[in-house]
Amino acid sequence: MAEKVLEPSKRRTELDQAQVKSYLQKTGNILWMIVRYVLIFGICFIILHPLFTKFMVSLMSEADLYDATVQYIPREIGFHNYLIAFEEMDYVATFFRTLLLSTMVSLLQLISCTLVGYGFARFNFPLKNIIFLLVILCLLVPPQVIMLPLFLQFRFFDVFGIYEALTGNPGVNLMDTFWPFVLSSLLTQGYKNGLYIFLMRQYFRNMPKELEEAAYIDGCGPFKTFYRIMVPSAVPMLVTVFLFGFVWQWTDSFYSGLYLNNFRVMSNALSSLASSLISSEMTYVSPALASMMNNTGTILVILPLIVVYLFAQKYFVESIERSGIVG
């Protein structure tokens with residue numbers, strides 16, 4: 001009889017323990033959700049706060065910068081800074097010139113890096129691992145280290161001294177043209193090409209070999225298999241590599257400043273914005289005005305990239321997930 005009395009009590013105890021466990025689990029899930037939202041908010045704040053600050057400063061007047069009571073929101077929102085920057089940067093012509101250069105460089109880098117990445121992923125050849133290691137090591141070399149050799153190479157461009165032997169001149173001057181960018185991109189020596197080769201290699205390595213084997217059975221050779229089977233299957237990564245190349249070329253200031261002295265693209269138009277104001281409007285530009293114009297020019301430069309990212313975001317996520325880099 002005592003056992004029958006104690007049994008309901010035992011069941012109630014087990015029920016209470018289950019309820020406590022469920023309560024603790026729900027509490028833990030809620031706390032972890034709060035932590036995640038705090039982390040996401042903090043990361044978004046770190047990323048977006050500088051952009052928000054630049055945008056708000058670009059809408060201010062010079063008096064607002066000297067006013068201690070104005071933090072983010074200007075007293076009177078105006079777009080006169082954009083009108084000045086638009087004119088001084090010759091924005092329309094500079095935009096289309098930069099668009100042409102960035103598109104051309106990105107396409108050439110995409111073609112060359114895709115071929116090289118596929119070769120590393122699917123073919124075996126002598127010293128393959130050592131050569132791939134050298135490709136990765138190229139990412140560790142700061143471009144400033146090879147700045148002088150790059151300048152001399154394209155200022156006096158020659159192939160094995162053939163031009164100098166035939167004409168007596170030291171070489172062809174390729175500065176202030178697109179040729180340095182074209183040649184570097186075709187030979188996979190452009191900006192961040194080592195990263196693009198790595199991304200394409202990882203993507204092709206994770207694709208099933210049965211696709212190639214089926215193509216070989218149907219009579220396709222290696223090159224036909226590449227452009228008929230493998231390339232259409234790698235569209236997300238191809239789009240990502242193209243967009244990476246486009247964005248980095250659009251905002252590049254090192255190579256543009258090295259090769260293009262009298263040829264304006266977005267980066268050097270932005271860097272010369274303050275000096276163009278001095279020559280066109282006044283002999284002295286205050287630090288406040290220079291800051292406002294720099295912020296305004298920066299917004300004008302990155303605005304097309306923001307639009308591109310809004311339409312291409314899904315390709316970034318899909319390609320990185322399927323490349324095998326994460327996880």
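Guide: In this predicted model, a contact means heavy atoms within 4.5 Å.

Visitor: Among contacts with a separation of 6 or more, what share comes from residues 24 or more positions apart?
Guide: The count takes contacts in the protein whose separation is 6 or more. Of these, the share from residues 24 or more positions apart is 72%.

Visitor: How many helices and how many strands does the protein have?
Guide: Buried residues make up 35% of the 327 residues. The secondary structure comprises 0 strands and 16 helices.

Visitor: Which helix gives the most to the largest nonpolar core?
Guide: The largest nonpolar core has 22 residues, and Ala 85, Met 89, Trp 250, Met 266, Leu 300 and Val 301 touch the most other members. Helices H1, H3, H12, H14 and H16 each supply at least two residues of this core. The one that gives the most, with 7 residues, is H16.

Visitor: Which residues does Leu 300 touch, not counting those up to four places away in sequence?
Guide: Leu 300 belongs to the largest nonpolar core. With residues up to four places away in sequence left out, Leu 300 touches Tyr 82, Ala 85, Phe 86, Met 89 and Tyr 91.

Visitor: Is H5 roughly parallel or oblique to H9?
Guide: Helix H5 (residues 128–137) and helix H9 (residues 193–205) pack with their axes 8 Å apart, at an angle of about 130°. Angles over 145 degrees count as roughly antiparallel and 65 to 115 as roughly perpendicular. The angle fits neither range, so H5 is to H9 oblique.

Visitor: Which residues of H5 make the contact with H9?
Guide: From H9, the contact uses Gly 194, Ile 197, Phe 198 and Arg 201. From H5, the residues are Phe 132, Val 135 and Ile 136.

Methods: Residues are numbered from 1 along each chain as its sequence is written. This is a predicted model: local features need pLDDT of at least 70, side-chain atom pairs count only at pLDDT 80 or more; totals for chains, interfaces and linings use all residues. Side-chain values use heavy atoms; hydrogens and water are left out. A nonpolar core is a set of buried Ala, Val, Leu, Ile, Met, Phe, Trp, Tyr and Cys residues joined through side-chain atoms within 4.5 Å. Buried means under 20% relative accessible area, exposed over 50%, partly exposed in between (1.4 Å probe, protein chains only). Helices (H or I, at least four residues) and strands (E, at least two) are DSSP runs, numbered from the N terminus. Axes are lines fitted to C-alpha atoms, for helices over the stretch in contact, and angles run from 0 to 180 degrees between N-to-C directions. Angles under 35 degrees count as roughly parallel, over 145 as roughly antiparallel, 65 to 115 as roughly perpendicular and the rest as oblique.
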